[in-house]
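Me: I'm new to this one and would like to learn how to read it. Could you walk me through it, feature by feature?

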Amino acid sequence: MLNRQGRPSSAGEAGTNAHPTFTGNKALAQIEPLLFEIGRYDTTGVDIDEPEAFTPRLGGLERKEAIGLPGLSEPETMRHYVRLSQMNYGIDTGLFPLGSCTMKHNARLNERMARLPGFSDVHPLQPVSTVQGALELMNELGRYLVTLTNMTAVALSPKAGAHGELCGMMAIKAAIEARGEGKTRNVVLVPDSAHGTNPATAALIGFVVKPVPAREDGWVHVEDVKERLGPDVAAIMLTNPNTCGLFEPQVAEIAKAIHDAGAYFYCDGANFNAIVGKAKPGDLGVDAMHINLHKTFSTPHGGGGPGSGPVVLSERLAPYAPVPFVRVGTNGFELVEQASDAAEKPFGRMTAFHGQMGMYVRALSYMLSHGSDGMKQASEDAVLNANYIRAGLSDLLSLPFGNKPCMHEVLFDDAWLKDTGVTTLDVAKAMIDEGYHPMTMYFPLVVHGAMLIEPTESESKSSLDLFIATLRDLAFAAKNGDKERFTGAPYHAPRRRLDETRAARNPVLKWTPPSPVAEAAE
Ligand SMILES: *Cc1c(COP(=O)(O)O)cnc(C)c1O
């Protein structure tokens with residue numbers, strides 16, 4: 001239904017309609033239809049002269065109907081996109097407790113550094129003599145990553161965590177093929193609690209995925225791994241700290257068992273924020289690990305910027321690192337595009353050029369401004385903040401693995417909601433009404449109705465106190481039978497409950513004009 005301004009009526013959409021407004025807007029919360037719905041088809045935002053008479057040379061393929069682009073003036077266009085951007089929730093609008101995602105503040109200093117023309121205006125095909133500073137920065141970032149992890153080499157180019165996983169697993173595959181075991185070693189062990197990208201990565205390059213079942217205590221046990229080891233096993237993909245927010249106490253023994261069986265240890269490093277400056281994956285026996293610069297090293301993500309997932313490699317895998325990589329040569333820094341000595345056996349390349357320059361700058365800026373003591377402190381604060389939330393909620397919410405200390409994120413299950421008629425999803429929707437982005441829900445799968453909360457070190461004590469108080473209020477409401485507050489939520493968001501299953505199964509990706517607009521276009 002369209003109202004007088006041609007905007008869809010907000011009835012049933014924007015929150016409770018106790019005081020309906022003419023426009024459908026609620027003060028600063030503005031309804032924003034699609035560009036096609038607000039645009040006019042009889043006008044355009046730019047003045048272009050009528051073309052002079054010409055003979056088309058498209059062999060009859062020229063367009064016969066109006067192109068159908070919506071016409072809007074520059075300020076109208078501007079408002080459309082700014083309003084859309086205001087419907088977004090970001091780390092700059094509020095606490096973003098999305099477990100396993102490390103939604104931390106990206107300091108504006110990092111942005112300033114990334115905008116320096118020497119970094120932001122370089123072209124990947126420029127002669128290397130003109131980009132020595134940029135190459136030096138890449139070299140320095142790589143040195144920091146290798147030092148923080150105690151590994152041998154780094155491949156900077158992967159453009160996401162999952163892309164980094166692919167890179168690390170391709171290095172493992174190349175190493176196994178070089179040993180002549182390419183045909184026989186084709187199994188990758190993946191614990192049940194792993195991120196979905198782990199088994200997907202292994203399967204994508206032809207490995208057979210074998211799960212390691214979850215245990216009651218949330219840890220991976222060395223005997224469960226040993227039971228599955230054999231001459232067919234190429235690698236294990238383990239996350240540490242794991243996705244239950246727990247440090248794997250048997251990680252060193254698992255690494256030894258893996259190596260004794262002739263396999264490699266891939267560590268999913270997306271949770272590195274919990275241990276930077278405290279523990280080095282190389283010391284734990286890791287052979288390959290991706291590092292999400294867009295998580296641990298604060299570069300923007302979640303719609304705010306491209307990802308960057310460098311991979312660090314142990315001595316055993318270093319020769320297989322992909323090109324290009326930066327090296328100090330006789331005439332300064334070089335970007336090596338081709339292996340030059342027999343010790344280098346790159347498996348290929350991951351990207352057309354060298355990766356996400358802007359993210360390298362932000363990440364190094366983060367590292368240099370923190371210093372080694374600051375990075376260690378950040379990890380400690382991240383862990384402290386997660387435990388502060390655990391302590392503030394453990395009397396009301398249920399902890400699947402007992403009330404033991406967690407790392408940088410705390411995992412609750414839905415046992416505390418038993419007999420309330422409220423589900424994990426309902427709690428998440430009620431959090432939206434309270435102005436919070438929900439925590440990670442229903443992941444990891446090993447826990448029923450999982451709620452995974454990661455506050456990061458960015459949050460102050462008062463911000464955590466308000467978050468805890470909000471969740472306590474919600475918990476009391478659920479336990480006291482105020483089911484409606486949950487099952488109807490969100491009441492105050494521009495959109496209410498969506499049919500998510502239908503949206504996923506039957507996505508409508510093409511806009512079809514409603515008939516009145518179609519008439520106007522003719
Ligand atoms: C975020 C994450 C990934 C994937 O990283 P992307 O950059 O989203 O591809 C993999 N594993 C874990 C545990 C993660 O949290």
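Me: Let's start with a cysteine. Is cysteine 101 buried or partly exposed?

Reply: Keep in mind that this is a predicted model. To count as buried, a residue must have under 20% relative accessible area. Cysteine 101 comes to 21%, so it is partly exposed.

Me: How many disulfides are there?

Reply: The general idea is to look for two cysteine sulfur atoms within 2.5 Å of each other. Here the count is zero. Take cysteine 101: the closest cysteine sulfur belongs to cysteine 244 and sits 15 Å away, so a bond is ruled out by distance. Cysteine 267 isn't in a disulfide either, as the nearest cysteine sulfur, again in cysteine 244, is 15 Å off.

Me: And is cysteine 267 buried or exposed?

Reply: Cysteine 267 is buried, because its relative accessibility is just 3%.

Me: Now the ligand. Which residues are around it?

Reply: You look for residues with a heavy atom within 4 Å of the ligand. That gives Ser100, Ala160, Gly161, Ala162, Glu165, His195, Thr197, Asp268, Ala270, Asn292, His294 and Lys295. By type, the shell splits into six polar, three charged and three nonpolar residues.

Me: Which polar side-chain atom lies 2.5 Å from a nitrogen atom of the ligand?

Reply: That one belongs to aspartate 268. Asparagine 292 also brings a polar side-chain atom, 3.2 Å from a ligand oxygen. With alanine 162 it's the backbone instead: an N or O atom there lies 2.8 Å from an oxygen atom of the ligand. As for cover, the ligand taken alone exposes 380 Å², and the protein buries 85% of that.

Me: Which helix gives the largest share of the shell?

Reply: Helix α6, residues 161-178, supplies three of the shell residues.

Me: How do I check the length of α6?

Reply: Compare the expected span with the distance between the end C-alpha atoms. At 1.5 Å a residue, the 18 residues of α6 should span 26 Å, and the ends are indeed 26 Å apart, so the two agree. Just after the helix comes glycine 180, with a positive phi near 80°.

Me: Which residues of α6 are buried?

Reply: First, the general idea: an α-helix has 3.6 residues a turn, so residues three or four places apart point the same way. In α6 the buried ones include Gly161, Gly164, Glu165, Gly168, Ala171, Ile172 and Ala175.

Me: Last one: where is alanine 155?

Reply: Alanine 155 is in strand β1, residues 153-155. With a relative accessible area of 4%, alanine 155 is buried.

How values were computed. Residues numbered from 1 in each chain as written. Predicted model: local features only at pLDDT ≥ 70, side-chain atom pairs only at ≥ 80, totals over all residues. Heavy atoms only, no water. Polar contact = N/O pair within 3.5 Å; in protein donor to acceptor, adjacent residues only side chain to side chain. Areas by Shrake-Rupley, 256 points an atom, 1.4 Å probe, with all protein chains shown as cover. Helix = DSSP H or I, 4+ residues; strand = E, 2+ residues; numbered from the N terminus. Nonpolar A, V, L, I, M, F, W, Y, C, P; charged D, E, K, R; others polar. Buried < 20%, exposed > 50% of the residue type's maximum accessible area, 1.4 Å probe, protein only. Expected span 1.5 Å × (residues − 1).
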